[in-house]
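Here's a quick tour of how this chain is put together, starting with its nonpolar interior and moving on to a sheet and the helices packed on it. Have the viewer open as you read.

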Amino acid sequence: SSRRLEDSLDTRRPAHMSSRRIYLGPHDTYVDFGGGGVFWSEGLPSKLYGLLNGRYNNPGQRNAFPSLLAYNHEEYLVRFQDGRLVWYGGLTDGVKGLGTIDVAALGPNHSYFLSDVKGNWASSNIPEGMLRDLRYFKKQNVIEASLGAKGAYFLLFDDGTITWGNVSPSLNNLLENPRGDIKYLSLSLSNSNYYLEYQDGTRNFEASPPLHNHLTATCDMDPFVIGFSHDSIASHFSCGRSLEDTAEELACGEISAHSDIFAIRVVFVRNLKRWHTLDNRRLKAFQMAELECVPVVKLGDATAKLAMRICGYPDLGQDVYVRGWDDDDDDYDYDEYDWFDDYSDPFD
């Protein structure tokens, strides 16, 4: 698919950008740089982790931040703001045949696309649709590119044209009907996740818990100072996982509230001077695991309707009734009401 953006771009992106960039990689990993630091998730490929950790986790060292970065399961290419270019893996032929590289996309199966400031490009093992688009729009220069799982790709040309293929239905809809000029798109190498940013700084994304929490979590809070917004919840999440199993895995460290479960949303109820969650089952699991702090997304004041409901049952700040548990074996003392269950799923 392709589309010409209403406001075309008439200049190429500078080779050394300092604005924030988020790049997705394999296995739900990511690298975030340019917004005042360099951050990365657990599970980065070992070679890239060694490079970033050696440069940015050593006290006393001051190294230039990246201006361009791309990586896949084994390979990487990084250009730093001081002009230095480093790469690892089977990229040498492509790199050596180009000038100053300012566009790079690395995909599955050792695929890559590289382009220099003069518009020359080199590629290997890219999807047929991407190669066809490059040839069809040969008079335009590529200023952004991304490769993803299962043949997904994205191209942004300097006249504002965007082309893409094999992306998820939700992302396809965004690209068919963009709400503004696209700045860049990063595709996951392992699934249909993506990060899409517009020129005005707004964004759309589908992300796993590590990146989702990195992007949205406001802070950490003690789960025991957060109230509930329902008086009763189901004993299982919509994915089928039970509260008890989830709490046990959290308590023993098999899963993490920060990297395996989406941050809970909280709203402030002014009459009670207390934060209450919209994600009740997750909060209950955190409390059962006796966690000291969990990531939260502060949404501000509760709506009048929600605040009225919560204020009608002050005990919501203390505990919640779990439907499906045997009351005779229950160590908790619940008030049973019949409100709608929390719809949230911690892992989906």
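## Cores and a sheet

In this predicted model, the largest nonpolar core is made up of 28 residues, and Val31, Leu48, Leu77, Val78 and Leu114 have the most contacts inside it. At least two residues of this core come from each of β3, β4, α1, β5 (66-71), β6 (76-80), β8 (101-106) and β9 (112-116).

Want to see what valine 78 is in contact with, leaving aside neighbours within four places in sequence? What turns up there? The list reads Leu48, Leu51, Pro66, Leu68, Leu69, Arg84, Leu85 and Val86.

There's another core too, lying apart from the largest one and holding 25 residues, with Ala257, Phe268, Val296 and Val320 among them.

Now for the sheet. Three strands line up as β2-β3-β4 in an open, antiparallel arrangement. The edges belong to β2 (21-24) and β4 (38-40), each of which pairs on one side only. From one strand to the next, the twist averages 10°.

Zooming in, strand β3 (residues 30-33) pairs with β4 over three bridges, in the antiparallel sense. Aspartate 32 sits opposite phenylalanine 39 of β4.

Two helices that pack on this sheet are set out here:

| Helix | Strands touched | Angle between directions |
|---|---|---|
| α1 (residues 46-56) | β3 and β4 | about 140° with β4 |
| α5 (residues 209-216) | β2, β3 and β4 | about 20° with β3 |

So much for the sheet; helix α1 links back to the opening topic, as it supplies at least two residues of the largest core.

Notes: Residues are numbered from 1 along each chain as its sequence is written. This is a predicted model: local features need pLDDT of at least 70, side-chain atom pairs count only at pLDDT 80 or more; totals for chains, interfaces and linings use all residues. Side-chain values use heavy atoms; hydrogens and water are left out. Two strands pair if DSSP finds at least two bridges between them. Helices (H or I, at least four residues) and strands (E, at least two) are DSSP runs, numbered from the N terminus. Axes are lines fitted to C-alpha atoms, for helices over the stretch in contact, and angles run from 0 to 180 degrees between N-to-C directions. Contact means heavy atoms within 4.5 Å. A nonpolar core is a set of buried Ala, Val, Leu, Ile, Met, Phe, Trp, Tyr and Cys residues joined through side-chain atoms within 4.5 Å. Buried means under 20% relative accessible area, exposed over 50%, partly exposed in between (1.4 Å probe, protein chains only).
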